[in-house]
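Work through these exercises with the sequence and the structure side by side. Try each task before you read its solution.

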Amino acid sequence: NTAAVNRYVYGWFPRADIYHSKCIVLIGHDPRRHSWTMEYKALRMAQANGAKLIVVDPRRSENAERADVWLPLRAGTDAAMSLGWLNVIIEEELYDKDFVREWTVGFDELKERVREYPLDRVAAITGVDAELIAKAARMYATTSPASIPWTPITDQQTSSTSAIRLQCMLRAITGNLDIEGGDQFLGFSPT
């Protein structure tokens, strides 16, 4: 589902450039030393180079233990969490205005939609403190380049299409799309 939704939103599927990222967001994804080995190593190396780590996951994993911010949300509330982040980023004007103007469609409609998700509502839905949600949203929006690696967990939720589209929107409005350290479009033919 992630590949299909990303292609629908962007026209292609981006891959996270974790090693060069300054802020990595793991949403229900728990790369470990012996599974997802390359992501795990890239994550640890990026952190050693000063990258911030945000973990959005009900489980207190090794990555949650090592995170700068851990958001232990209720399972299946990823879409609400992303709407809350978008609300903070748009309301506080932390988005990349040039990127939004040049490359996005429907931003005014998105602004209206995310107003329906103030932090107190998102906190009630997700079970995460509103200030912690805001802290994570600000960290992601202001620490560039940032990446949101693909997660198999989001694909397996009832609201996966909405959650994945919202992750796409987060990447786009913050300008973390198709840049080194962000989520890059790879695999195009050079010709």
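The exercises below concern a predicted model.

**Exercise 1. The sheet**

Task: Find the order of the four strands in the open sheet, and state the sense of their pairing.

Solution:
- Step 1. Read across the sheet. The order is 4-3-2-5.
- Step 2. Check the directions. The pairing is parallel.
- Step 3. Look at the edges. Strand 4 (69-71) and strand 5 (146-147) stand there, and each has a single partner strand. One side of each is therefore left without a neighbour in the sheet.

**Exercise 2. One strand pair**

Task: Describe how strand 2 and strand 3 pair, and name residues that stand opposite each other.

Solution:
- Step 1. Locate the strands. Strand 2 covers residues 23-27, and strand 3 covers residues 52-56.
- Step 2. Count the bridges. The two strands pair in the parallel sense over five bridges.
- Step 3. Match residues. Cys23 stands opposite Lys52 in strand 3. Val25 stands opposite Ile54, also in strand 3.
- Step 4. Add the helix that packs on the sheet. Helix 4 (residues 78-91) touches strand 2, strand 3 and strand 4. The direction of helix 4 makes about 135° with that of strand 3.
- Step 5. Judge the cover. Four of the five residues of strand 3 are buried, so this strand is mostly covered.

**Exercise 3. The largest pocket**

Task: Find how much space lies in the largest pocket, and work out what lines it.

Solution:
- Step 1. Take the volume. The largest pocket holds about 540 Å³ of space.
- Step 2. Go to the lining. It has 20 residues, and the closest to the pocket centre are Val9, Trp103, Thr104, Val105 and Ala172.
- Step 3. Assign elements. Helix 1 (2-10), helix 5 (97-103), helix 6 (107-114) and helix 10 (160-173) each give two or more residues to the lining. Helix 10 gives the most, with five residues.
- Step 4. Sort by character. The lining divides into 14 nonpolar, two polar and four charged residues.

**Exercise 4. A residue in helix 1**

Task: Decide whether Asn6 is buried or exposed, and list its contacts far along the chain.

Solution:
- Step 1. Place the residue. Asn6 lies in helix 1.
- Step 2. Apply the cut-off. Buried means under 20% relative accessible area. Asn6 has 1%, so it is buried.
- Step 3. List the contacts. Leaving out residues up to four places away in sequence, Asn6 touches Gly11, Trp12, Phe13, Pro14, Ile164, Cys168 and Arg171.
- Step 4. Follow one contact. Asn6 and Cys168 are 162 residues apart along the chain, yet their C-alpha atoms are separated by 6.8 Å.

**Exercise 5. Unusual backbone**

Task: Which peptide bond is cis, and where are the positive phi angles of Glu93 and Asp178?

Solution:
- Step 1. Recall the background. Most residues other than glycine have a negative phi, and most peptide bonds are trans.
- Step 2. Find the cis bond. It joins Ser144 and Pro145, with omega about 0°. Pro145 lies in the loop between helix 8 (130-142) and strand 5.
- Step 3. Take Glu93. Its phi is positive, about 55°, although it is not a glycine. Glu93 sits in the loop between helix 4 and helix 5.
- Step 4. Take Asp178. Its phi is about 60°, also positive in a residue that is not a glycine. Asp178 belongs to the loop between helix 10 and strand 6 (183-185).
- Step 5. Check exposure. Asp178 has 42% relative accessibility, so it counts as partly exposed.

Definitions and conventions:
Residues numbered from 1 in each chain as written. Predicted model: local features only at pLDDT ≥ 70, side-chain atom pairs only at ≥ 80, totals over all residues. Heavy atoms only, no water. Pairing = 2+ DSSP bridges. Contact = heavy atoms within 4.5 Å. Axes fitted to C-alpha atoms, helices over the stretch in contact; angles between N-to-C directions. 1 Å grid on protein atoms, 1.4 Å probe; cavity = no way out; pocket = protein on both sides within 12 Å on 5 of 7 lines; lining within 4 Å. Points joined across faces, edges and corners; volume = space filled by probe spheres on them. Nonpolar A, V, L, I, M, F, W, Y, C, P; charged D, E, K, R; others polar. Buried < 20%, exposed > 50% of the residue type's maximum accessible area, 1.4 Å probe, protein only.
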